[in-house]
Amino acid sequence: MSEIGCLYCGKQIPDNVQNCPHCGAASHFQERGYQRGAKVRFYLLVAAVSLFCLIFALWLPQIN
Ligand SMILES: [Zn+2]
């Protein structure tokens, strides 16, 4: 049995537990739903930043 560091409190916890016994946070290795939701949010953020940069790059030459 190996141990991982909790991402919330930093303490060592077994990698097969559902929740951190120290702070109660859900283990990221068990919560796949959280990881999928976070990935979707990350792609939305990248898309929003890319769109903002594209609009800014097209708009900037007209100001100067
Ligand atoms: Zn913890």
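**Exercise 1.** Does Cys 23 count as buried, exposed or partly exposed, and why?

*Solution.* Keep in mind that we're working with a predicted model here. Start with the location: Cys 23 sits in the loop between E2 and H1. Next, count the C-beta neighbours inside 10 Å, and you get 13 for Cys 23. A buried residue needs 20 or more, and an exposed one has 12 or fewer. Cys 23 is therefore partly exposed.

**Exercise 2.** Work out which residues Cys 23 touches once its neighbours within four places in sequence are set aside.

*Solution.* Go through the contacts, and three partners turn up: Cys 6, Tyr 8 and Cys 9. Now take Cys 9 and check the C-alpha to C-alpha distance to Cys 23, which comes out at 6.6 Å. Along the sequence, that pair is 14 residues apart.

**Exercise 3.** Place Ala 25, classify its exposure and list its contacts beyond four places in sequence.

*Solution.* First, the place: Ala 25 belongs to the loop that runs between strand E2 (12-14) and helix H1 (32-63). Second, the exposure: there are 14 C-beta neighbours inside 10 Å, so Ala 25 is partly exposed. Third, the contacts: Ala 25 meets Cys 6, Tyr 8, Asn 19 and Cys 20. For Tyr 8, add the C-alpha separation from Ala 25, 7.0 Å across 17 residues of chain.

**Exercise 4.** Do the exposure step for Ala 26, then find its C-alpha distance to Leu 7.

*Solution.* Ala 26 is also in the loop between E2 and H1. Its count is 14 other C-beta atoms within 10 Å, so the label is partly exposed. Ala 26 and Leu 7 are 19 residues apart along the chain, and their C-alpha atoms lie 9.7 Å apart.

**Exercise 5.** Now zoom out and sketch the whole protein: its elements, its burial and its contact range.

*Solution.* Count the elements and you have one helix and two strands. Read from the N terminus, they go β-β-α. Of the 64 residues, 3% are buried. Then take the contacts between residues at least 6 apart in sequence: 0% of them join residues at least 24 apart.

**Exercise 6.** Decide how far to trust the details by looking at pLDDT.

*Solution.* The mean is 81, and 80% of the residues reach 70 or more. By element, E2 has the highest mean, 88, and H1 the lowest, 83. As a reading rule, predicted coordinates shouldn't be read in detail where pLDDT is low.

Note on methods. Residues are numbered from 1 along each chain as its sequence is written. This is a predicted model: local features need pLDDT of at least 70, side-chain atom pairs count only at pLDDT 80 or more; totals for chains, interfaces and linings use all residues. Two residues are in contact if their C-beta atoms, placed from the backbone, lie within 7 Å. pLDDT is the predictor's confidence in each residue, from 0 to 100.
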